Structure formats: C-alpha cells, structure tokens
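Hi,

Here is the model I promised to pass on. Have a look at it first, and my notes follow underneath.

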Amino acid sequence: MNPLIAAMIKRSGRSWWQCRYSDGKVLSEWETLTDKVKLPLGSGKTSRWEEVPKKGMVGLRLLCPNGMAGELEAPEGFRFFQLKAGGMDVGIGFTGGVSSVRRFCDAHIIGVVEDADGNCLCRAWETQEQQLIEFRDNIYNMKYRNIGPLSLEVQQLKV
Amino acid sequence: MADFTVLKMEANHGTQAVPVYVEVGPTAGKEVRWSDSALQNGIASAAWPAMIRPAATAIVSYTYAYTADAVGWGFISGQASPCPAYVITNFLWARWNWDALGTFASAPIFTAFPTTAHGAITRGDGSLLGGHATDTGATARSYLKGNAFGQVGAATLAPTNAPVVTDGTTGSVSPTAGANWLLNFQGLQGDNDWITAPFTPAATTAGVWHTHYALFVGPNMTPATWTPVFSLKYTWT
C-alpha cells in the first residue's frame, strides 16, 4: 500500500473498507465519500456501501489504524457485507445531562457468506479494544453484539 | 462513515392531542428525569428532590423531559404544571428520530445500561436496572420498563397492557410488525433483556420509531443516585 495512504489511515484513528473485483479493479471506502477530498482523513463523511457495485466483487479488506488488515475472499456472487455497530445514549437522572452521553461506534465489521444457511466468516475492528478480531456468525441472526438479522436488501446479499 | 447526522430521542411535552416533541438526548444537558412529585418543572439538577423508598412496589408517576439543566416539563403536560400522572393512554410518549442521511444495516435495539460504559448488569442485584427478585419477579427484571411500536411512523393506538413491575422477558422481544405495541412491557436490562424492532428501516429515509417507558421502585431497590442511560443500539453501512 502507498505509505502516505497507510499513514493517513493510522492518523484517522478508524478502519476503512476496501473491495477488490474480478477484473482487478480496487475500490476504497474513501473514494466513495461525499467529501470533496477523497482520502482516508478523519471520520469521513457519508459513504454509501449500499450503492457500491457488488457484481464481480471477489475480495473485501478492512484496513485498520494499527497497521493491520483483514481480508476475506470468495468467488463472485454477492456474498460480501460491511457494517458498523454502535449506538447512542440518552441520559436519565438529575445530573444536568450525563456529561459523556454520546453516539459511538463499537465495531466495524466485514463478512463473507459461506453457505445457503447464512453462515459467515467475519472480521471486525473493535474501536474500544483497538483490535482486529475474526469470528464466525450467521447473517440471519448475528450473535456478535446482539446485532440480530442483517438486512439482506441493504447489503445486496444473494444467498 | 455512513452514519446519520441527526439521530435523537424525543419526548412529547405537548399533549396527546397536540404533541410537541423535544430532544432529550444525546445532546449534553438534555435528559429524562423521574419524580414522585408533580411539580418538578424547571428545577435545576442540583435541587432535584430525592424519593423515599416505598414500602411496596409502585410506578414512579411523573416523567419529565429536560432540555437544559433547569428547563424541563412533564411528559404529556402541555408545558403546564402539574405534570400529569402516568397513564397508558398517553401513548404518544417518546420516539427515536433519524434523518435521511444514514442507512440501518439491521433492526435497531432499545435497551438501557447503568452508565455509558455499557457494563454487564447483574440480574437481581437490587440496582435500578438489575432489579430484585422480591420486587421485580423470580427472574429479576429491570425496574425500568419499555415498549415499542411495530412500525416506523407515528403510533396510532395505545399499548394493550399497562406496565407492571414484574414485566420482562429474557433476551430479545419484538412487537409484531405493524400498527401495534408489545403486548407486555419489556424490562430494559442492558444486554440481558432488550427490545428489537421488527423492521430494518428503509435506507436513506428519515423516520421515527415510537417508544414508551415507565419506571418502578420497590422496597428492595438499593438506595442510591441512579443515573443510567437509554441506549439505541444500531448498525449502519
């Protein structure tokens, strides 16, 4: 990888997806940002995974700010997915507003569906733990962080 | 990241007939408060009154939407005092509200945690969310109960059953998809007991998800200053 891009990813403090197609083309998340500057800088404005072409996709990587990368591969067939898991908190009590209520991202997940039952292999960058992990799950009821069923429509999965 | 720019919880401090929704979080300084007094509008947090632990389990009747430290009105109060006591028929209670800039990747989850650290909750430990077997059921449920509507958009009817202190189901529950609520309230107990929406909202489409909640107290609740958080756990692309 271009060392300048690698340095930007490290400095951004977040992970970025990068997909590979059967014709050799590579598409990186920062190229899909709505920002004018399409580089892995900061948190990045909206990129729309749901609008990324899935036809011909044969590889999906997670480029992490600690310099590590996780890659998943599969034959063509609309098998890859990508999502972030997090949430937001709302304070309860008489604290004048809990000072640290916030929106947060716990994990950035990529996955590939391995069979018709929905079993999948995933890799995730966990933001609090600052670690890249690998796990197996099922898109019809993701146990990881109690996510539940994935939206096949949003991910354009064909199982 | 393809997250939402606006995603917030809103409470109705208007009326059931003419709702007025105001943000109660996550912006700092905004929050939900409970009291056994109907006269707690416009009270600075430092002056918020304590409650006496009751001799028997009871609902905490008055819920307030605070938009700043000393600026708040009762839910469904019409921005007037006193705050009305909780009734199930005031079903335009609260809602999650999101903009059209993000896309949910799965169904959102509604629950509560002791703090923003989202630590594990020990069932039956006497805490507000942990509950106590004597007060909240043999399988101790949270003292904080929640309900949710089965579709995106404004709720059109009240939940069938009013909340009771023993309400709750282990793990996830979901209302039937459509214009209805959970039949019984769920205990909001972190990753032990929670509510999952029966839908993944449409991509890049603004929407609201109506929720309802109620707080109970009981003689076995551990006396403390309880400041938990509601949490909307969700995924996005």
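Below is what I found, going from chain A as a whole to its sheet, then the contact with chain B and a few backbone oddities.

First, the ground rules. This is a predicted model, so local features need pLDDT of at least 70 and side-chain atom pairs count only at pLDDT 80 or more, while totals for chains, interfaces and linings use all residues. Residues are numbered from 1 along each chain as its sequence is written, with chains lettered from A and ligands numbered from 1 in the order in which they are written.

**Chain A overall**

Chain A has 2 helices and 8 strands; these are DSSP runs, numbered from the N terminus, with helices being H or I of at least four residues and strands E of at least two. Along the sequence the pattern reads α-β-β-β-β-β-β-β-β-α. The C-alpha atoms fill a box of roughly 55 × 40 × 25 Å along the principal axes. The radius of gyration of chain A is 17 Å, which agrees with the value near 15 Å for a compact globule of 159 residues (taken over C-alpha atoms; the rule is 2.2 Å times the number of residues to the power 0.38). Of the 159 residues, 39% count as buried. Here buried means 20 or more other C-beta atoms within 10 Å of the residue's own, exposed means 12 or fewer, and partly exposed is in between, with C-beta atoms placed from the backbone.

**The four-stranded sheet**

Four strands of chain A make an open, antiparallel sheet in the order β2-β1-β3-β4; strands pair if DSSP finds at least two bridges between them. The edges are β2 and β4, each pairing on one side only. Neighbouring strands are turned by 20° against each other on average, direction ignored (axes are lines fitted to C-alpha atoms, for helices over the stretch in contact, and angles run from 0 to 180 degrees between N-to-C directions).

Strand β3(A), residues 57-63, is mostly covered, with 5 of its 7 residues buried. On one side, 6 antiparallel bridges link β3(A) with β1(A), residues 16-21, and A:Cys19 stands opposite A:Leu60 there. There are also 5 antiparallel bridges from β3(A) to β4(A), residues 69-73. Two of the residue pairs involved are A:Leu63 with A:Ala69 and A:Gly59 with A:Glu73. β3(A) and β4(A) form a hairpin with 5 residues between them, and A:Gly67 in the turn has a positive phi of about 95°.

At the β2 edge, A:Leu27 sits in residues 26-28 and counts as partly exposed because it has 15 C-beta neighbours inside 10 Å. Beyond four places in sequence, A:Leu27 is in contact with A:Cys19 and A:Val52 (contact meaning C-beta atoms, placed from the backbone, within 7 Å).

**The core and chain B**

Which residues have the most contacts inside the largest nonpolar core? They are A:Leu60, B:Ala65, B:Leu144 and B:Ala148, in a core of 93 residues. Such a core is a set of buried Ala, Val, Leu, Ile, Met, Phe, Trp, Tyr and Cys residues joined through C-beta atoms within 7 Å. β5(A) gives the most to this core, with 7 residues. A:Leu60 itself touches, among others further than four places away in sequence, A:Trp17, A:Phe80 and A:Ile110.

As for the interface, 37 residues of chain A are in contact with 40 residues of chain B. On the chain A side, β5 (80-92), β6 (103-113) and α2 (152-155) each supply at least two residues, and β5(A) gives the most, with 10. β5(A) also pairs in the parallel sense with β3(B), residues 31-35, over 2 bridges, where A:Ile92 stands opposite B:Val32.

**Backbone details worth a look**

- A cis peptide bond joins B:Gly25 and B:Pro26, with omega about 15°; B:Pro26 is in the loop between β2 (21-25) and β3 of chain B.
- Another cis peptide bond, between B:Ser81 and B:Pro82, has omega of about 5°.
- A:Gln130 has a positive phi of about 55° although it is not a glycine, and counts as exposed with 11 C-beta neighbours inside 10 Å.

Cheers

Conventions: Contact = placed C-beta atoms within 7 Å.
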